[in-house]
There are 2 protein chains.
Amino acid sequence: MTINLKQLSEMLGLSQTTISRALNGFPEVSAQTRSRVLKAVRETGYRPNRAAQRLATGRAGSLGLVMPIAAGVDSDVHFGEFLAGLGEEAIKHDFHFVINPSAPEDEAGMVRRLAASGNVDALYIAYVRRDDPRIPLLHTLNIPFMVHGRAVDQSVHDYPFLDIDNTGAFHDATRLLIQLGHRRIGLINGPAHFAFAIRREKGMKKALVENGLPFDETLVHHGQMTDSFGHQVMERLLDGPNPPTAILCSSTVLALGAVRALDRRGLKLGRDMSLIAHDDELPMLKPENFSVPLTTTRSSLRAAGARIAERMISRVLQNGDPAEQELWRTELIVRDSTGPAPRGH
Amino acid sequence: MTINLKQLSEMLGLSQTTISRALNGFPEVSAQTRSRVLKAVRETGYRPNRAAQRLATGRAGSLGLVMPIAAGVDSDVHFGEFLAGLGEEAIKHDFHFVINPSAPEDEAGMVRRLAASGNVDALYIAYVRRDDPRIPLLHTLNIPFMVHGRAVDQSVHDYPFLDIDNTGAFHDATRLLIQLGHRRIGLINGPAHFAFAIRREKGMKKALVENGLPFDETLVHHGQMTDSFGHQVMERLLDGPNPPTAILCSSTVLALGAVRALDRRGLKLGRDMSLIAHDDELPMLKPENFSVPLTTTRSSLRAAGARIAERMISRVLQNGDPAEQELWRTELIVRDSTGPAPRGH
DNA sequence: CAATCCTCTCAAAGCGCTTTGGACGGCTCG
DNA sequence: CGAGCCGTCCAAAGCGCTTTGAGAGGATTG
């Protein structure tokens with residue numbers, strides 16, 4: 001139903017070439033012709049067919065991402081926030097994104113198919129694992145890509161990524177707790193196979209070791225970043241033989257559950273228990289709005305999304321970014337959920 | 001770098017036609033040839049170029065959605081959950097989706113462009129307004145579409161949608177509160193221009209009227225569905241001259257903030273104040289995990305996403321769905337956040 | 001044994017765009 | 001005045017696939 005180039009060219013008595021050039025800003029079209037074309041486009045509502053455009057040019061303004069999904073698997077709150085950042089930037093350059101849902105176990109296959117399908121200009125991957133097979137795979141695939149995060153033990157190093165300094169963040173947070181006199185510190189972390197979780201644990205461990213404190217594995221728990229998991233772990237820790245006096249949480253969502261467990265027992269945050277959470281700046285859950293405002297390590301997930309889109313797009317448009325690697329430091333924001341360790345410990 | 005049909009056909013000494021047919025399951029290819037082709041495909045990693053496929057067939061297995069986005073606008077937690085449902089179903093049919101970010105004020109324009117661009121087979125719209133201009137627009141656009149929700153005052157009625165019975169949900173919830181003896185009931189709702197918010201308010205009003213109770217506008221508040229807004233409204237209501245004894249919340253996220261306001265004042269949920277929230281089944285925030293488990297009107301957003309994908313795909317594949325309209329009833333799940341109205345009221 | 005029917009394969013057209021390699025006037029310049 | 005140039009425009013090729021219409025060869029039929 002929608003009009004195409006050929007029809008438009010017949011209407012105007014011009015060649016398809018001229019119209020194409022007029023639309024794409026080539027200089028060899030007279031001003032008069034160009035405005036005639038633009039007027040006709042406005043009136044007819046003509047839009048170039050993207051598939052044809054892509055076939056002809058090899059690119060069509062789209063970023064690809066694979067979204068891990070499965071019937072039983074929970075969706076991730078952080079995904080929406082990240083997408084918002086990505087979109088915010090993409091819209092400036094008239095890019096859209098193609099989301100391919102994929103079973104978690106087939107992510108590598110989906111990446112490969114997405115790249116070969118030829119309908120994305122660049123690829124994005126996240127939820128990086130320790131030694132993520134997708135990274136070497138992408139290297140062989142000959143398509144621009146960006147990694148959100150970075151692998152831990154891997155021979156491949158020269159790939160473009162944006163990551164936050166997870167180790168540094170949790171190192172700093174732990175050090176603050178130690179300075180406040182805490183000796184037993186718990187960690188409620190994300191799933192153990194994710195690189196960010198590995199690094200956060202590492203940062204915590206490092207600070208403990210630097211200060212001559214033991215690292216107690218029983219205080220560390222990995223799982224889904226949900227309210228329920230935070231609650232469950234906190235309960236378990238409090239019921240343990242020798243509960244910690246401070247807790248690190250990998251997300252404010254986990255903190256939500258953890259705090260609830262404290263409330264239920266009448267324990268006061270910042271006095272009976274200190275807590276520092278990592279804050280991705282989810283708009284629906286602000287650390288300053290907790291009953292006791294939360295001390296956090298802060299880094300905007302949305303800003304990361306925007307930056308990643310920016311870099312992918314500039315690579316696609318050939319404006320550089322030769323495998324640049326970016327590591328963002330997080331901010332340690334001290335609020336009321338941290339306080340001196342209770343006596344008797 | 002990736003191999004194409006022509007190269008593959010030369011490798012095998014077969015025509016492109018035969019390979020295409022072998023791959024797409026046409027009967028007129030001998031079993032032997034077919035398996036030879038499949039073997040070669042496996043070995044070379046050949047994938048048909050989607051853009052070419054789309055150009056040739058007119059379809060390419062993609063659903064389009066526009067995502068409202070802007071620099072200052074918060075991302076919506078519910079979006080990710082919905083997307084999960086959509087993806088879960090899409091993957092079964094090897095569909096992907098194309099997300100076009102759009103400034104909220106240009107959503108109609110983006111819908112039009114997306115339809116004309118020809119790179120989606122069907123369109124999805126959500127965040128329906130009272131009299132949403134996108135619906136009549138889609139009607140003229142000659143592309144399959146699905147509306148999540150439905151408009152309120154609109155001359156156009158014959159479009160395919162999936163909606164939940166928002167009026168019924170809040171009617172039932174309100175009736176329960178009235179039966180428990182509540183006379184003053186507050187409502188913390190989503191943004192006032194959204195159809196779902198309008199219907200929820202209507203449902204509440206209806207129950208009040210049916211029971212001869214007055215509808216007090218000062219107890220109704222509209223805004224972003226965030227923790228902060230829930231908290232802010234609850235504080236304001238409690239500080240008012242004649243506070244309600246029960247509250248309806250349009251989301252568990254709003255309830256989160258509202259409950260926090262109650263906790264801060266030492267008010268006990270289910271005793272000093274009753275609360276019913278609408279529950280979209282966000283995995284990160286379960287009503288049964290609140291300090292006092294929440295009574296809710298429940299409906300799975302994820303299931304809605306899956307169903308919408310299913311219907312769009314079946315329309316694209318010509319398997320029917322002649323403008324079918326679906327209205328899902330919600331379940332009223334009674335937990336501990338509702339109780340008899342306190343005496344003295 | 002010729003006529004017919006399958007079975008399997010192919011060449012070529014076409015989807016809607018971009019881009020290459022001219023072509024055609026009207027200028028300027030020596 | 002003819003060579004060269006510039007400003008505009010165009011015809012046609014090509015992107016990688018699907019699909020139409022046909023053909024070659026072998027099997028089946030009367």
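Tutor: Before we start, a residue counts as near a strand if one of its heavy atoms lies within 4 Å of it. This model is predicted, so to speak of local features takes pLDDT of at least 70, and side-chain atom pairs count only at pLDDT 80 or more, while totals for chains, interfaces and linings use all residues. Residues are numbered from 1 along each chain, chains are lettered from A, and side-chain values use heavy atoms, without hydrogens or water.

Student: Which residue has a backbone N or O atom 2.3 Å from a phosphate oxygen of DNA strand D?

Tutor: Of the 28 residues around this strand, A:Thr17, A:Thr18, B:Leu5, B:Ser20 and B:Arg21 come nearest. B:Ser20 places a polar side-chain atom 2.7 Å from a phosphate oxygen, a polar contact (N or O atoms within 3.5 Å). The backbone atom at 2.3 Å belongs to B:Leu5.

Student: What percentage of the strand D atoms within 4 Å of the protein belong to sugar or phosphate?

Tutor: Bases do get touched: a backbone N or O atom of B:Ala52 lies 3.4 Å from a base nitrogen of DNA strand D. Bases make up the rest of the atoms within 4 Å of the protein, and sugar or phosphate accounts for 60%.

Student: Are helix 6 and helix 7 of chain A roughly parallel or roughly antiparallel?

Tutor: Helix 6 (residues 107-117) and helix 7 (residues 134-141) of chain A have axes that come within 10 Å and cross at roughly 15°. Residues in the contact (heavy atoms within 4.5 Å) include A:Val111 from helix 6 and A:Leu138 from helix 7. Angles under 35 degrees count as roughly parallel, so these two helices are roughly parallel.

Note on methods:
Polar contact = N/O pair within 3.5 Å; in protein donor to acceptor, adjacent residues only side chain to side chain. Axes fitted to C-alpha atoms, helices over the stretch in contact; angles between N-to-C directions. Helix = DSSP H or I, 4+ residues; strand = E, 2+ residues; numbered from the N terminus. Parallel < 35°, antiparallel > 145°, perpendicular 65-115°, else oblique.
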